[in-house]
Amino acid sequence: MKTALITGASSGIGRDIARELSRRGWRLLLVARRRDRLEKLSRELGTPCRIYVCDVSRESNCRWLYEHTRGQNISLLVNAAGFGLYGNFTDTDLNREMQMIDVNIKAVHILTKLFLQDFIENDEGHILNVASSAGFMAGPMLSTYYATKNYVVRLSEAIYEELRSMGSSVTISCLCPGPVDTEFNQHAGIGGFSVKAHPSHYVARLAIQQTLAGKLLIIPGTMVKLGAVFSRFVPEKPLLRIVHSIQAGKNK
């Protein structure tokens with residue numbers, strides 16, 4: 001039985017990835033801050049689970065998590081923990097932004113590096129980093145969130161090429177969805193999406209399917225794919241105005 005470790009497993013995409021992997025017969029190591037939600041999820045799933053109540057915003061906790069799970073034959077790491085914060089950069093809470101950087105960037109960086117070293121040594125394993133279509137551009141009104149997801153996308157792409165060039169069997173994938181029906185808006189302080197959100201279970205199923213197939217960028221939905229391509233050809237300043245208008249409209 002294959003084993004996966006999933007951060008952010010208590011809700012949203014992380015929880016639905018756990019459900020999808022359980023459906024496929026995987027053993028799961030579920031990581032999040034909320035014990036009650038992890039316990040509820042583990043009772044729901046039909047495969048063996050172990051829960052780790054761990055706040056990955058702290059570097060020491062990321063290292064602790066690695067040390068306490070590295071001997072369990074993990075072959076898939078899913079970095080799904082993350083959150084956003086809505087508002088003008090001058091108005092958003094600095095402490096909350098620093099925590100976001102710790103979760104969205106530092107935790108992903110630390111866990112990816114530590115587990116990747118083991119995967120390369122064994123020449124086996126997959127990493128799935130959950131980013132966003134926000135990772136392809138700058139995001140007025142969600143500036144720090146967009147910046148963190150840019151980091152995740154570019155880091156994943158660079159590692160992908162390093163693995164390819166060394167002929168490794170290890171793969172890394174980056175999930176870049178548009179709006180997804182999760183608790184993201186509630187925690188970020190957003191009134192609602194301006195376009196229809198994809199169901200979380202659909203995004204999770206596609207993510208696992210394409211991760212196990214070794215795909216680098218996983219972008220659910222035709223319109224989101226087109227938007228990612230569009231962003232590469234629009235001059236930077238007009239693109240910033242477009243994104244700002246979209247984001248500002250979410251709280252009207």
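# Exercises on a predicted model

Asn73 counts as exposed, at a relative accessibility of 66%. This value, like those below, is computed from a predicted model.

**Exercise 1. State where Asn73 lies and what is notable about its phi, and then do likewise for Asp123.**

Step 1. Asn73 is placed in the loop between α3 and β4, and its accessibility of 66% is above the 50% limit for exposed residues.

Step 2. Most residues other than glycine have a negative phi. Asn73, although it is not a glycine, has a positive phi of about 55°.

Step 3. Asp123 is found in the loop between α4 and β5 (126-130), and this residue, again not a glycine, takes a positive phi of about 55°. With a relative accessibility of 38%, Asp123 counts as partly exposed.

**Exercise 2. Judge whether the protein chain is as compact as a globular protein of its length, and describe how its contacts and surface are made up.**

Step 1. Begin with the inventory: the protein chain has nine helices and nine strands. The globule rule gives 18 Å for 252 residues, and the radius of gyration of the chain is 17 Å, which is close to that value, so the chain is as compact as a globular protein of that length.

Step 2. The C-alpha trace spans about 50 × 45 × 30 Å along its principal axes, and 53% of the 252 residues are buried.

Step 3. Of the contacts with a separation of 6 or more, 63% join residues that are 24 or more positions apart. The accessible surface comes to about 12200 Å², and carbon and sulfur atoms account for 51% of it.

**Exercise 3. Check the end-to-end distances of helices α1 and α5 against the expected spans, and describe how each helix is covered.**

Step 1. Helix α1 (residues 12-23) has 12 residues, which at 1.5 Å a residue should span 16 Å, and its end C-alpha atoms are 17 Å apart, in agreement. Helix α5 (residues 143-165), with 23 residues, should span 33 Å, and the distance between its end C-alpha atoms is 33 Å, which also agrees.

Step 2. α1 is mostly covered, with nine of its 12 residues buried; among them are Ile13, Asp16, Ile17, Glu20 and Leu21. In α5 the buried residues include Tyr145, Tyr146, Val152, Leu155, Glu157 and Ile159.

Step 3. Look finally at what comes next in the chain: α1 is followed by Gly25, whose phi is positive, near 90°, and just after α5, Gly167 takes a positive phi of about 70°.

**Exercise 4. Find which element gives the most residues to the largest nonpolar core, and follow the contacts of Leu5.**

Step 1. In soluble globular proteins, nonpolar side chains tend to be buried together. The largest nonpolar core here has 39 residues, and Leu5, Val56 and Phe115 have the most contacts inside it.

Step 2. The elements that give two or more residues to this core are β2 (27-32), α3 (59-69), β4 (74-79), α4 (94-122), α5 and α9 (236-248). The most comes from α4, with nine residues.

Step 3. Leaving aside neighbours within four places in sequence, Leu5 is in contact with residues that include Leu29, Val31, Leu65, Ile74, Val78 and Phe115. A second, separate core has 27 residues, including Ala18, Leu128, Leu206 and Ile208.

**Exercise 5. Classify the aromatic pairs Tyr52–Trp64 and Tyr145–Tyr146.**

Step 1. A pair of aromatic rings is described by the distance of the centres and the angle of the planes. Planes over 60 degrees apart count as edge-to-face, and a search of the whole structure finds four aromatic pairs.

Step 2. Tyr52 and Trp64 are 6.3 Å apart centre to centre with 70° between the planes, an edge-to-face pair. Tyr52 lies in strand β3 (residues 49-53) and Trp64 in helix α3, so the pair ties together parts that are 12 residues apart in sequence. Tyr52 is buried, at 8% relative accessible area, whereas Trp64 is partly exposed, at 37%.

Step 3. The ring centres of Tyr145 and Tyr146 lie 6.3 Å apart and their planes meet at 75°, so this pair is also edge-to-face. Tyr145 is buried at 10% and Tyr146 is buried at 9%.

Step 4. Tyr66, Phe115 and Phe119 form one aromatic cluster.

Terms used:
Residues numbered from 1 in each chain as written. Predicted model: local features only at pLDDT ≥ 70, side-chain atom pairs only at ≥ 80, totals over all residues. Heavy atoms only, no water. Helix = DSSP H or I, 4+ residues; strand = E, 2+ residues; numbered from the N terminus. Expected span 1.5 Å × (residues − 1). Buried < 20%, exposed > 50% of the residue type's maximum accessible area, 1.4 Å probe, protein only. Core = buried A, V, L, I, M, F, W, Y, C linked by side-chain atoms within 4.5 Å. Contact = heavy atoms within 4.5 Å. Rg over C-alpha atoms; globule rule 2.2 N^0.38 Å. Areas by Shrake-Rupley, 256 points an atom, 1.4 Å probe, with all protein chains shown as cover. Phe/Tyr/Trp six-rings, centres within 6.5 Å; stacked < 30°, edge-to-face > 60°.
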